[in-house]
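User: Please take a close look at one part of this model for me. I am a first-year student, so keep the sentences short and show the reasoning.

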Amino acid sequence: MPPLEWMSKEWMIIKFPDTQWEEYRELLLKAYDRCPPAMTLTPVILTDGTEGEAVLSNSVLSKAALDNYALDNAVSDTFREAFPGIGKAEVIASPLSGRYDVTLLGALFEEFLREREPSVALFPATGTGKQTAAWLAGRMGLGLTADLTDFYMDKEERLHQIRMAYGGSLQAEIISRSRIQMATVKVEGKSPSVVIAGGLGAGKEGFRLLCELAEISGGQLGATRAAVDAGLAPFECQIGQSGSYVKPAYYLAFGISGAVQHLAGMKDSGIIIAVNTDRKAPIFQHADYAVCGDVCGTAQEIIKLLARKGVKENQ
C-alpha cells in the first residue's frame, strides 16, 4: 500500500466533452454516496468551448449550473449541504474544439494531477475516458482499474474497486498500490428501446445496412468488441464487458456469435432476436427468436418491411 501521507484528501470526478451530462450525474451520485465525509469531492470538467462553459466561468458548480446541465435540484442541494466546498468545480478549458486527441488530453490532465495528487481520480468508462486514463496511467506510472461497477473506501483510505470478471459470472475486488488510485467507472445513461447490433460476421456491407436499419427503426447501433477492433464500428458502439451495458426492449443481434464478454452487456434485454448463419452459434441459446440466415439478406428484408409500414425514426 502507498504511504497514506502522500495522498491528499481529495476525490476527483472527471467529465469529458463527450460524456453525457446524464451519465456524469450518475457518476457524481455514486461518488457522493461513497466518498468519506473527511474527503473533498471535486468535480473536474473538461470543456472544449462547445457546451457553454460560461455558466461555469467562476469555477463554481452552483445550483444554477447544476440545473442547467440536467443535474436535478435534489442532487445539487444534497451536494451543497452534505459537502461543504463541493460547490467548487475545476474547469479545464481545452483548445481541442471537439477533437479528442488522447495525447493532448492526457497532457492537460497530467500537469493537473501531478500538482494536486488526489487520493482518487475517477473517469467515466467512455471511449475518451478509458483511453485518456490508460495514457495517464502509463505516463505517470500509476495503476488503473477499468470498468468498475462499484467502489468504496475503507478506514485506511484504500479504494476497493469492484468490477465483473469472466464474462460477468464473477465479481473481482481490487485494491490499488498507486499513490493516486485511478479507475474508470461504468455509468448507465438512458437505455435505448431498440438496439441493432452487429458482430465481426456482419462485415462492412452488413454494418452499412445495420446503420440504415437503426436509423429507420429509431434504434441505436451496437457492436461487439471484435467488430470495433476490426474498424467496422466506433468504440462508442461497443457493447459488452469492455463496453456499454444496455437493457433495450428489443435487441437485434446480427452476425454475433455470443461470447460471454458480449452477453454480459446485453443479457438483460427484453426481447433478443439473433441472426446468424451458424446454427450452433451460442447466441441462439439466449435468443427469444432465432433466424438462421444471412446478415445482409435478413437486414434488407427487415428494412423493406419497416419501409412499407412507414416506420419513422424515433417512433
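Analyst:
**Helix α5 and its surroundings**

Just after α5, Gly-141 takes a positive phi of about 70°. This is a predicted model.

Now step back into the helix itself. Helix α5 covers residues 127–140, which makes 14 residues. At 1.5 Å a residue, α5 should span 20 Å, and its end C-alpha atoms are 20 Å apart, so the expected and computed spans agree.

Next, look at which residues of α5 are hidden. The buried ones are Gly-127, Thr-128, Gly-129, Lys-130, Thr-132, Ala-133, Leu-136, Ala-137 and Met-140. What covers them? Helix α4 is part of the cover, and the strands β4 (120–124), β5 (144–148) and β9 (181–185) are included too.

**From α4 to a salt bridge**

Follow α4 next. Helix α4 runs over residues 102–116, and Arg-116 belongs to it. Side chains of opposite charge can pair when their charged atoms come close. Arg-116 forms a salt bridge with Glu-10, and the closest N and O atoms are 2.5 Å apart. This pair links distant parts of the chain: Glu-10 sits in strand β1 (residues 10–15), 106 residues away from Arg-116. Is each partner buried or exposed? Glu-10 has a relative accessible area of 8%, so it is buried. Arg-116 has 25%, so it counts as partly exposed.

The structure holds 14 salt bridges. Another of them joins Asp-154 and Arg-158, with the closest N and O atoms 3.0 Å apart. Asp-154 counts as buried at 18% relative accessibility. The cut-off for buried is under 20%. Arg-158, at 23%, is partly exposed.

**The strands β6, β7 and β8**

Strand β6 covers residues 150–153, and four bridges join it to β7. The two strands run antiparallel. Met-153 stands opposite Leu-159 in β7. Together β6 and β7 form a hairpin, with five residues between them. In that turn, Glu-157 has a positive phi of about 65°.

On to β7 itself, which spans residues 159–165. Six of its seven residues are buried, so the strand is largely enclosed by the rest of the structure. Strand β7 also pairs with β8 (residues 170–175). Six bridges join these two, and they run antiparallel. One example is Met-164, whose bridge partner in β8 is Gln-171.

**Helix α6**

Now move along the chain to α6. Here Glu-212 forms a salt bridge with Arg-208, and the closest N and O atoms are 4.0 Å apart. Why do these two fit together along the helix? They are four residues apart in α6, so about one helical turn separates them. Glu-212 is partly exposed at 36% relative accessibility. Arg-208 is partly exposed as well, at 45%. Elsewhere, salt bridges that share partners join Asp-33, Arg-34 and Asp-150 into one network.

Leu-213 lies in α6 too. Its relative accessible area is 1%, so Leu-213 is buried. Which residues does Leu-213 touch, leaving aside those up to four places away in sequence? They are Ile-196, Phe-254, Ile-302, Ile-303 and Leu-306. Take Ile-196: it is 17 residues from Leu-213 along the chain, yet their C-alpha atoms are separated by 7.4 Å.

**Helix α9**

Two of those contacts, Ile-303 and Leu-306, are among the buried residues of α9. Helix α9 covers residues 295–309. Its 15 residues should span 21 Å at 1.5 Å a residue, and its end C-alpha atoms are 21 Å apart, which agrees. The buried residues of α9 are Val-295, Cys-296, Thr-298, Ala-299, Ile-303 and Leu-306. They cover an arc of only 165° around the axis, so they lie on the same side of α9. What do they pack against? Their neighbours are α6 (203–217), β12 (250–254), β13 (271–276) and β14 (289–292).

One last detail sits at the start of α9. Asp-294 caps its N-terminal end. A side-chain oxygen of Asp-294 lies 3.1 Å from the backbone nitrogen of Cys-296.

Terms used: Residues numbered from 1 in each chain as written. Predicted model: local features only at pLDDT ≥ 70, side-chain atom pairs only at ≥ 80, totals over all residues. Heavy atoms only, no water. Expected span 1.5 Å × (residues − 1). Buried < 20%, exposed > 50% of the residue type's maximum accessible area, 1.4 Å probe, protein only. Arc of directions from axis to C-beta. Contact = heavy atoms within 4.5 Å. Polar contact = N/O pair within 3.5 Å; in protein donor to acceptor, adjacent residues only side chain to side chain. Pairing = 2+ DSSP bridges. Salt bridge = Lys/Arg side-chain N within 4 Å of Asp/Glu carboxyl O.
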